[in-house]
Amino acid sequence: MNHTKTLQGKGTSALAANRGDEGIGLVRIEAKNLEGALAVIRERFGDDAGVVHTRVLRRSGVRGLLGGTSVEVFVSDRESVDAWRRGSFADLQAEESGGPASSPSREEPSALQLILEKVEARVAEVARAQREQESQGALPRTGLSSEKAPESRAAEETPPPPTIDDTGLVSLISGLLDRNGFSEESRKWILEEARKIDSPRGNADQEELQLLARLHVGEIIRPKLPPVVPIVPGEVGRPKVVALVGPTGVGKTTTIAKLASPFHLIEGDKVGFITLDTYRIGAVDQLRRYADILGVPLRVVGPGEKISEALAALSDRELIFVDTAGRSQKDATRLTQLRDSLSGIGELEIHLCLSLASSPEAILGAVDSFKVLDYDCLIITKLDEAYRHGVLPDVFRNAETPVSYITCGQEVPDDIRPATHQALEALILGDR
Ligand SMILES: Nc1nc2c(ncn2[C@@H]2O[C@H](COP(=O)(O)OP(=O)(O)OP(=O)(O)O)[C@@H](O)[C@H]2O)c(=O)[nH]1
Ligand SMILES: [Mg+2]
């Protein structure tokens, strides 16, 4: 099914298995930079490889948070590359020339093309096999016996492979939406779009049909994805102030520690912490422990105290994270108090943390009730604890804000990644 297999190689390079019977023989190489990738290509293929596609990837792990990148190169043998260029993959080539590397729209169409190519090839294969069978095996009909030739009897007993037709594809898409917990509202508009799809005709196995359905849903939801924005530090004297807000226990304090680590330890940015959470017993100690481990100054602002004093004390910082007490999305009074306590900060970026492990009702409730704080961004937390992610299209539609980060475990600082369109799309479709 896959036309490209990647084998993890040594260091930063990962090499792929070569062409299989059914594939087009793409080989994927990932390296720190283009130079490294080309060195691997030369080593493995000499001059016999053609580069089909390159793009810049964000690196995983903590460094990825800071915009660390690697380069992904797809190569194939010259013969295949030439064939592609002559054939329908010319479109893919044209696509490579423009747009940002992280743009999701440049990735999936090629995957879609790959599977459509394969489905078409299979249709041709089946037709050829049928023609051969007809010309070789069929017994002459005598007209005297009602018994059928063995081959034609076998053909009758074997059920035909499923055919791609519009209704079949739509029902597969509907099943996919069900499995991923999409709301009625999301199902409605996605299926409406799905019915407009002009499906390819032909035969395909179940796995191919499922993949096709998934690719189509990806194409439908892609234009509706929110923008993604990482945190960008300010400067000494004018630090960026970022407050994390959200319902209780969604991971605000832990996420601050995860976020602070790469900025402070890797980039050398001057980071500071302020906590407004003197409400929960142990909350200050929790952040203080992280502050001590990281060597980051912490200021605690108690009830009635002025946040401006804490900000003044941290004016030599470039990035200040503000931890806040978890508030129930149903508690309008406390949400208003939280808004008031943040109002003393001049320029402020508010990130609303939403745990995917919560119920869709609780998540959407938070999206709505925290609007009183006029939040700027979403951070999706606890991806690792969630079973289904189909609430996300509703979240994005209702919040109407960008997404900054996704957290996926309890490990500080590793279990966090910057939001990307690819990650959001995969998430909605049930990946982790
Ligand atoms: N599985 C998982 N657990 C997480 C994640 N982020 C945080 N946690 C855990 O969730 C629990 C609560 O995390 P906190 O950071 O204290 O959450 P909080 O939002 O600050 O909580 P309050 O301040 O009480 O509202 C802790 O046990 C964290 O380790 C995540 O991405 N995945
Ligand atoms: Mg907390």
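Two strands count as paired here if DSSP finds at least two bridges between them. Keep that in mind for the strand views below. The model is a predicted one.

**Figure 1. The whole chain, before zooming in, is a mix of 16 helices and 13 strands.** Of the 432 residues in the protein chain, 46% are buried. Take the contacts with a separation of 6 or more: 72% of them link residues 24 or more positions apart. The accessible surface adds up to about 21,900 Å², and carbon and sulfur atoms own 49% of that. Salt bridges number 13, and a few of them get their own close-ups further down.

**Figure 2. Strand β9 has neighbours pairing with it and cover on both faces.** β9 covers residues 319-323, and five of its five residues are buried, so the strand is largely enclosed by the rest of the structure. In a regular strand the side chains alternate between the two faces of the sheet. Here, Leu-319, Phe-321 and Asp-323 sit on one side, with Ile-320 and Val-322 on the other, and all are buried. β6 runs parallel to β9, joined by five bridges; one to look for has Val-241 partnered with Ile-320 of β9. Strand β7 (residues 271-275) also pairs with β9 in the parallel sense, again over five bridges. For that pairing, find Thr-275, whose bridge partner in β9 is Asp-323.

**Figure 3. His-351 in strand β10 is tucked away and has polar company.** Is His-351 buried or exposed? With a relative accessibility of 0%, His-351 counts as buried, because the cut-off for that label is under 20%. The His-351 side chain makes a polar contact with the side chain of Glu-349 at 2.8 Å. A second polar contact, at 2.9 Å, goes to the side chain of Ser-404. Leaving out residues up to four places away in sequence, His-351 touches a list of residues that includes Ile-231, Val-242, Ala-243, Leu-244 and Val-245, along with Cys-377 and Ile-379.

**Figure 4. Helix α8 carries a salt bridge between two of its own residues, Glu-184 and Arg-187.** The closest N and O atoms of this pair are 3.6 Å apart. Both residues lie in α8 (residues 184-195), three residues apart, or about one turn of the helix. An α-helix has 3.6 residues a turn, so residues three or four places apart point the same way. Glu-184 is exposed, at 60% relative accessible area, whereas Arg-187 is buried, at 13%. Arg-187 has buried company in α8: Ser-186, Trp-189, Ile-190, Leu-191 and Ala-194. As for the length of the helix, the 12 residues of α8 should span 16 Å at 1.5 Å a residue, and the end C-alpha atoms are indeed 16 Å apart.

**Figure 5. Glu-185 reaches from α8 to Arg-397.** The salt bridge between Glu-185 and Arg-397 has its closest N and O atoms 3.6 Å apart. Arg-397 belongs to helix α15 (residues 392-399) and Glu-185 to α8, so the pair ties together parts that are 212 residues apart in sequence. Glu-185 is exposed, with a relative accessible area of 53%, while Arg-397 counts as partly exposed at 31%.

**Figure 6. Arg-238 and Glu-347 make a loop-to-loop salt bridge.** How far apart are the closest N and O atoms of Arg-238 and Glu-347? They come to 2.9 Å. Arg-238 is in the loop between α9 (206-221) and β6 (240-245), and Glu-347 is in the loop between α13 (332-342) and β10 (349-355), so the pair ties together parts that are 109 residues apart in sequence. Both Arg-238 and Glu-347 are exposed. Elsewhere, salt bridges with shared partners join Asp-178, Glu-184 and Arg-187 into one network.

**Figure 7. Arg-388 meets Asp-178 and the residues that follow it.** Arg-388 is found in the loop between β11 (377-381) and α15, and at 47% relative accessibility Arg-388 counts as partly exposed. Apart from residues up to four places away in sequence, Arg-388 touches Asp-178, Arg-179, Asn-180 and Gly-181. A polar atom of the Arg-388 side chain lies 3.0 Å from the backbone oxygen of Asp-178. Leu-429 is 41 residues from Arg-388 along the chain, and their C-alpha atoms are separated by 8.9 Å.

Methods
Residues numbered from 1 in each chain as written. Chains lettered and ligands numbered in written order. Predicted model: local features only at pLDDT ≥ 70, side-chain atom pairs only at ≥ 80, totals over all residues. Heavy atoms only, no water. Helix = DSSP H or I, 4+ residues; strand = E, 2+ residues; numbered from the N terminus. Buried < 20%, exposed > 50% of the residue type's maximum accessible area, 1.4 Å probe, protein only. Contact = heavy atoms within 4.5 Å. Areas by Shrake-Rupley, 256 points an atom, 1.4 Å probe, with all protein chains shown as cover. Salt bridge = Lys/Arg side-chain N within 4 Å of Asp/Glu carboxyl O. Expected span 1.5 Å × (residues − 1). Polar contact = N/O pair within 3.5 Å; in protein donor to acceptor, adjacent residues only side chain to side chain.
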